[in-house]
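User: Could you go through a structure with me, step by step? I am new to this, so please keep the sentences plain.
Analyst: Gladly; have a look at the chain below and then ask away.

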Amino acid sequence: MPVKLFYLPESPPCRTVLLCGRLLNVNFDLKVVNILNGEQLKPEFIQLNPQHCIPTMEDNDLVLWESRVILMYLVSAYAEDDTLYPKDLQKRAMVDQRIHFDLGTLYQRAGDYFFPTLFFGAHLDETKKARLAEALGWLEDILKGRTWVATENFTIADLILCVTISQIEAFGFELGPYPKIRAWFQLCKEKLEPYGYEEINEAGANALADLFRSKLN
């Protein structure tokens with residue numbers, strides 16, 4: 001049976017799962033849940049996922065949410081090898097660290113800066129902009145002497161951070177001060193291009209950015 005994915009095309013976490021599916025040749029049965037219209041609060045969706053968030057994945061009897069965990073599962077279940085999520089403990093620890101850096105620092109700070117405007121029309125906060133710039137500086141440092149963020153190969157950590165960076169850029173944040181991020185980001189786009197990067201990620205990032213710009217005061 002196809003893996004069911006409850007998602008919204010504009011959502012960055014959903015886009016990471018869609019791209020991972022393309023990398024793994026996993027065919028999703030796609031179910032749009034428009035959180036902007038409150039569709040995540042329908043009783044049948046809350047029964048499936050009490051936290052009523054997207055993406056949510058259903059693979060036979062397994063229901064998962066949290067996009068980064070979904071990626072870990074998909075690679076472990078469907079990849080032909082462990083390149084995207086290594087089994088070697090030290091390499092996996094590095095991938096996990098970068099994933100948690102995205103979750104708890106970079107994506108969090110991007111959300112803190114952009115989402116109050118996106119969802120509530122609030123003014124942009126310069127203090128939060130500085131905190132996002134600080135996090136980007138840390139990613140710039142992480143990339144010193146590296147081609148990819150965690151191991152010698154492209155991994156799901158690169159995929160996750162690539163989608164985050166693409167949304168930050170689409171929102172209009174200047175990446176000029178971060179040459180290593182820009183070089184790595186270009187490599188990520190080239191890696192993902194055969195798997196629908198423009199169709200899945202750029203289109204979604206630009207659509208969300210258009211909504212963001214419409215809320216600017």
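User: How many bridges join strand β3 to β4, and do they run parallel or antiparallel?
Analyst: In this predicted model, strand β3, which covers residues 56-59, is joined to β4 by four bridges, and the two strands run antiparallel.

User: Which residues face each other there, say for D59?
Analyst: The bridge partner of D59 is L62 in β4. Further along, E58 stands opposite V63, and T56 stands opposite W65, again with the second residue of each pair lying in β4.

User: What happens at the turn of that hairpin?
Analyst: There are two residues between the strands β3 and β4, and N60 in this hairpin takes a positive phi near 55 degrees.

User: Where else is there a positive phi?
Analyst: N25 has one of about 60 degrees, although N25 is not a glycine, and this residue is placed in the loop between α1 and β2.

User: And what is on the other side of β3, towards β1?
Analyst: Three bridges join β1 to β3, and these two strands also run antiparallel. One pair to look for is F6, which stands opposite T56 in β3.

User: In what order do the strands of the whole sheet lie?
Analyst: The sheet is open and is formed by four strands in the order β2-β1-β3-β4, with mixed pairing. The edges are taken by β2, residues 28-32, and β4, residues 62-65, and because each of them has a single partner strand, one side of each is left without a neighbour in the sheet. On average, neighbouring strands of this sheet are turned by 20 degrees against each other, if direction is ignored.

User: Which helix lies across those strands?
Analyst: That is helix α3, made of residues 67-78, which lies across β1, β2, β3 and β4 and runs at about 135 degrees to β4.

User: Changing topic, what is special about the bond between I54 and P55?
Analyst: I54 and P55 are joined by a cis peptide bond, with omega at about 0 degrees. As for its place in the chain, P55 lies in the loop between α2, residues 43-48, and β3.

User: Now the bigger picture: how is the chain divided into domains?
Analyst: The protein chain is divided into domain 1, residues 4-78, and domain 2, residues 89-215. The C-alpha centres of the two domains lie 20 Å apart, and the contact between them takes 17 residues from domain 1 and 26 residues from domain 2.

User: How much area do they bury between them?
Analyst: Domain 1 and domain 2 bury about 1900 Å² between them, and 75% of this area is on carbon and sulfur atoms. On the domain 1 side, R15, L19 and R68 supply 36% of the area buried against domain 2, which is more than any other three residues supply.

User: How many salt bridges and polar contacts cross that interface?
Analyst: Two salt bridges are found across the interface of domain 1 and domain 2, together with five residue pairs in polar contact. For the side of domain 1 that touches domain 2, α1 and α3 each supply at least two residues, and α1, with nine residues, gives the most.

User: Why can side chains of opposite charge pair at all?
Analyst: They can pair when their charged atoms come close. In this structure, which holds seven salt bridges, R68 and D102 meet in one through their side chains, at 2.7 Å from N to O. Since R68 lies in helix α3 and D102 in helix α4, residues 89-120, this pair ties together parts that are 34 residues apart in sequence.

User: Which side chain meets R22 in a salt bridge?
Analyst: The partner is E199, and the salt bridge between the side chains of E199 and R22 is 3.1 Å from N to O.

Notes:
Residues are numbered from 1 along each chain as its sequence is written. This is a predicted model: local features need pLDDT of at least 70, side-chain atom pairs count only at pLDDT 80 or more; totals for chains, interfaces and linings use all residues. Side-chain values use heavy atoms; hydrogens and water are left out. Two strands pair if DSSP finds at least two bridges between them. Axes are lines fitted to C-alpha atoms, for helices over the stretch in contact, and angles run from 0 to 180 degrees between N-to-C directions. Contact means heavy atoms within 4.5 Å. Domain bounds come from an automatic or database domain assignment. Buried area is the accessible area (1.4 Å probe) that two parts lose on being put together, summed over both. A salt bridge is a side-chain nitrogen of Lys or Arg within 4 Å of a carboxyl oxygen of Asp or Glu. A polar contact is a pair of N or O atoms within 3.5 Å; within protein, one must be able to donate a hydrogen and the other to accept it, and residues adjacent in sequence count only if both atoms are side-chain atoms.
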